[in-house]
Each structure stands twice: as C-alpha cells, then as structure tokens.
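Hi,

Here is the structure I promised to send over. Have a look at it first, and then read on for what turned up.

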Amino acid sequence: MGFCMGVRRAVKLALDEAAAGSKAVYTLGPLIHNPQVLEDLKDRGVEILEKGRGDLTGATVLIRAHGVSPRVEKELLAAGARIRDATCPRVKASQMKARSLTRAGYCLFLAGEKDHGEVIGITGYAPGCVVAACPGEAEAAAEKRCRQSPAAKAALLAQTTLSADEYEAIGEGIRKWFPKLKIIDTICGATRDRQNALKELCGQVEAVIIAGGKTSANTRRLLSIAQSLGTPAWIVENEGEIPGEIGRYALVGLSAGASTPDSAIDTIERALQAL
Ligand code: SF4
C-alpha cells in the first residue's frame, strides 16, 4: 500500500536535497498529487518551478518520476540548473527501449495518453514515434504507416500505468497491419498489485480503512473495490476522520492510496490500534 517505488524514490530525493541545504530546489511540476506532501516540501524549501523562469544558475531542479524528454534536460542545463533525476527506473527503461528500437529502424508505437508527462518524455527519445490511446486510433495509425513503408519492422511499448487489457487490444489493432509486431511489456504492476492486495485483505477482515485523499482517483478505486466485495470501507485522510462505527468490528484492515505518505498511514494505524 501507499507510495509506489518510483514516487517513494522521487520524494526521498527531494527530501534529501532539502536536508542537504541545497540553495534553491525546484521540482518540474508537482512531485505528487498530494497536498500534504507538497505543503511539507514547500516548508522545507522545495518549490514547484514556475513556467518561463529563465536563469537557473545555482538552482537544483528535480525531474519527476515520469521523466522528461532529452530536450527538456538540455534546456535546464543551458539555463544553468543542476539536475537531480528522479525518473522512475521503470520509466527510464521505457525511454531507453524507445531510443534503441528507433535507432534499430523500428516503426515505434506507444500505447498511452498523448498529454501525459511520461508519454511526452518517452516520445522525446523516439522521433517519429506514434502515440495511440485506443485500438481504433492504433489501427488507423498502423494502416497509414504500413501504406507509407510496407516492409517496415514495427514495435509497441506501453505507458507504464496502462491496463493489460487495453494494451492487448491496442496491440491487436496494430497487428492487423504489422503481423510481426514486436510487443514489449513495459506496464508497471504497482496499481494492480495494490488492488490485488486489498482484495486479499478484504477476505481476512471485517472492515477496511483506506488512508488517502478523497479526491485521489486510485484511492477512490480502492474504496469501490472493497465495497464491491461487501466489506464496509471508509476513506480517511487523517486520524480525526476515523468513523466511530469502526469500534463495532473486531478485525479491521488498513490500506492506502498510491499518493498517501507513510507518515499519514502510520498515524492512522496507531490511532486504530489505540481504539
Ligand atoms: S512506473 Fe510504476 S513504480 Fe514507477 S512511478 Fe510509475 S507506477 Fe510508480
């Protein structure tokens, strides 16, 4: 439960930079979609880099877990920034794969959302890469590419958070035009693992508390999974929100969304144990 490896690593790098007393520390966009964490980072001197800031001499800029394109890195260096790269190793592996396949002459497809930071970063390593968000879009793009160069070799990568079913369907769409399509599994199981762990937990307890933000999509998804299994469940942002009726249950489980910090989980756990 809680932070995935990539987010945990990025937050740790930011905290390490702040603790090391680096002069001006910025993140390239919000490090994580969790207001408590962002507020805490701000208190420690880690701020979000404003768009259009010119001279970054002496500043440290932390690249977020979903990475950036080589062009953005170059621009930061040219502006005088020192870069701390918190790109998740799984995303970095996708970037390197995209680059090597493009260099090897593959016509590269990437299944994912065009506007997502991770996708924008990966395509920066693979000029000409085609991004497709759904099977129809993938098939149409594949047809166009196939008509342009019928003998081309084709390969497909996925945005790390894509579902396996979506990836399969997008691959099928491209295969109609490139039957020898090379499909590389770049999906990260972090979200799926958390959901499976919660399903297992629901079979062992009478009720579940899910630590996390009420506006967080993955936290709300955990709530609906527990409820669909018939387990009474509540989302709790802090210990003060633990519902009184939880005292009716002898065995209570605790889960947490992917953007919930350890400190919040620990505080809620201690409060539950003290009931
Ligand atoms: S690739 Fe997986 S581990 Fe890395 S940031 Fe994304 S969800 Fe987290």
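Since loops will come up below, a word on what they lie between: helices (H or I, at least four residues) and strands (E, at least two) are DSSP runs, numbered from the N terminus. On that basis, serine 69 sits in the loop between β3 (59-63) and α3 (70-78). Please bear in mind throughout that this is a predicted model.

While we are at serine 69: is it buried or exposed? Its relative accessibility is 8%, and it counts as buried because the cut-off for that is under 20%. Setting aside residues up to four places away in sequence, serine 69 touches Ile120, Gly121, Gly124 and Tyr125.

Now the overall picture. The protein has 10 helices and 11 strands, and its C-alpha trace spans about 65 × 50 × 25 Å along the principal axes. There are 275 residues, of which 43% count as buried. If you take the contacts with a separation of 6 or more, 68% of them come from residues 24 or more positions apart. The accessible surface is about 14,100 Å², and carbon and sulfur atoms hold 52% of that. As for charge, I get 35 positive and 32 negative, with mean positions 8 Å apart.

Next, the pocket. The largest one holds about 950 Å³ of space. It is lined by 34 residues, and those closest to its centre are Cys4, Val7, His116, Thr161 and Ala258. Which elements give two or more residues to this lining? They are α1 (5-19), α4 (89-103), α8 and α9 (217-228). Of these, α1 gives the most, with five residues.

There is a cavity to look at as well. The count of cavities of 30 Å³ or more comes to one, and the largest cavity has about 50 Å³ of space in it. Its lining is made up of Thr191, Arg194, Gln195, Asn218, Leu222 and Ala258. Helices α8 and α9 each supply at least two of the lining residues, with α8 giving the most, at three. You will have spotted some overlap: Ala258 lines this cavity and is also among the residues closest to the centre of the largest pocket. Likewise, α8 and α9 contribute to the lining of the cavity and to that of the pocket.

Since α8 keeps coming up, here is one of its residues. Asparagine 196 lies in α8, which runs over residues 190-202. At 37% relative accessibility, asparagine 196 counts as partly exposed, because that value falls between the 20% and 50% cut-offs. For a sense of distance, asparagine 196 is 164 residues from isoleucine 32 in sequence, and their C-alpha atoms are 23 Å apart in space.

Last, a second loop residue. Where does glutamine 159 lie? It is in the loop between β7 (154-158) and α7 (164-175). With a relative accessible area of 2%, glutamine 159 is under the 20% cut-off and therefore buried. Apart from neighbours within four places in sequence, glutamine 159 is in contact with Leu110, Ala111, Gly112, Glu113, His116, Glu118, Val119 and Ile187. One of those contacts, His116, is also among the residues closest to the centre of the largest pocket.

Best wishes

Technical notes:
Residues are numbered from 1 along each chain as its sequence is written. This is a predicted model: local features need pLDDT of at least 70, side-chain atom pairs count only at pLDDT 80 or more; totals for chains, interfaces and linings use all residues. Side-chain values use heavy atoms; hydrogens and water are left out. Buried means under 20% relative accessible area, exposed over 50%, partly exposed in between (1.4 Å probe, protein chains only). Contact means heavy atoms within 4.5 Å. Accessible areas come from the Shrake-Rupley method with a 1.4 Å probe; for residues, only the protein chains shown count as cover. Lys and Arg count as positive and Asp and Glu as negative; His and the chain ends are not counted. The place of a charge is taken as NZ of Lys, CZ of Arg, CG of Asp or CD of Glu. On a 1 Å grid over the protein atoms alone, a cavity is a set of points where a 1.4 Å probe fits but cannot get out, and a pocket is an open set with protein on both sides within 12 Å along at least five of seven lines; lining residues have an atom within 4 Å of a point. Grid points are joined across faces, edges and corners, and a volume is the space filled by probe spheres set on the points.
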